[in-house]
Amino acid sequence: MGKEAPNVSGKILGLFTRPVPDPDAEYVPFKREWHESVEVTKDGLGFASTEWHRSKRALLIEPNLDKGERAVLFQSIENLEELKTQFPQHRTDFELKDKEANFGENVCMSGMNVDSVCIGDIYQVKRNGKLINLLFKVTSPRRPCGKVDITHAKDHSADGVRHVSAANGTAGWFMRVISASNNTTKEGGGYCFDADAVLCIGDEIQLIERPCPQWQLRRIASLIYGKADFKAGEFPFNGTRQELENVCNLKELAMLEWKDKAIANKEKQNYRDKMAFLVVTGVITLIAIAWARAQQ
């Protein structure tokens, strides 16, 4: 598997799926069902969970959506602890509550954070010290939606939880579901999905492969959303031109809400460059014409 992966691991504390919304019930932004164990499919946890990426509406909005890159949303105690320090007046919002999902996550765990997890990381799962036929691959941080501000601190400004957690990656991260044999060998050049995989509270998640050690979740979140204005719908890139080029070429990064934002910024930059070139060329042409006339 190449270079030896650093020692990064965590423990699963909670498992959640999204039930079918009840139109007659009181609206709860992150209403979830808690599980001690749950089936894992290529689209996420459970066979009947109703996360946005599994809905018909998602495919109408994003016809080319790769559901797998948003399959399972992870959140960690360490991320919540960081948010407590950033929003001390709302510390209780980020306490681990019994059988409740703070950020609408599928998996709540301990042991990992935005600095220890990188894009492209592959994690194996152990249960009671034994490997099970299940692997996860990190695709992106989670870009939080407006429900985060509704749930936490009730502040929809640039100082609110949504903006802050988007910029530092603490809203969680998405993982793609992949699977392999117990010795984690690859078949046919890729990992094979195990339709019978089950995840349980108490399982250990352990890093086994890190192809992109320079792309920590905090870094990629800062580059894409460090200067974001969600109200205005503006997402200027928060890095150098070389970093922008690198993000656009980062094949392990999810397209939706991440690489597409980088590509849009690159296209804007290319357009500005083209316009600047035309202006400079035009000025030089005018100067040359004026000079030529002056010589007549």
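Start by selecting residues 180-193: pLDDT stays under 50 along this stretch. The model still gives these residues 32 contacts beyond four places in sequence. Where pLDDT is low, though, the predicted coordinates should not be read in detail.

Now zoom out and colour the whole chain by pLDDT. You're looking at a predicted model, and its average pLDDT is 89. Of the residues, 93% score at least 70.

Next, select residues 161-168, which make up helix α4. Is α4 mostly covered or mostly uncovered? Mostly covered: six of its eight residues are buried. To see them, show the side chains of Val-161, Arg-162, His-163, Ser-165, Ala-166 and Asn-168, the buried residues of α4.

What do those buried residues pack against? Bring up α2 (77-86), α3 (147-151) and α5 (217-225), and you'll have the helices that the buried part of α4 packs against. Then step just past the end of α4 to Gly-169, where the backbone takes a positive phi of about 85°.

Last stop: the largest pocket, with a volume of about 650 Å³. Which residues should you click to land at its centre? Try Trp-52, His-53, Arg-70, Cys-145 and Lys-147, which lie nearest the centre among the 26 residues of the lining. Two elements, α1 (56-61) and α7 (255-295), each give two or more residues to that lining. Highlight α7 in particular, since α7 gives the most, with four residues.

Finally, colour the lining of the largest pocket by residue type: you should find 13 charged, eight nonpolar and five polar residues.

Terms used
Residues are numbered from 1 along each chain as its sequence is written. This is a predicted model: local features need pLDDT of at least 70, side-chain atom pairs count only at pLDDT 80 or more; totals for chains, interfaces and linings use all residues. Side-chain values use heavy atoms; hydrogens and water are left out. pLDDT is the predictor's confidence in each residue, from 0 to 100. Contact means heavy atoms within 4.5 Å. Buried means under 20% relative accessible area, exposed over 50%, partly exposed in between (1.4 Å probe, protein chains only). On a 1 Å grid over the protein atoms alone, a cavity is a set of points where a 1.4 Å probe fits but cannot get out, and a pocket is an open set with protein on both sides within 12 Å along at least five of seven lines; lining residues have an atom within 4 Å of a point. Grid points are joined across faces, edges and corners, and a volume is the space filled by probe spheres set on the points. Ala, Val, Leu, Ile, Met, Phe, Trp, Tyr, Cys and Pro count as nonpolar, Asp, Glu, Lys and Arg as charged, and the others, Gly among them, as polar.
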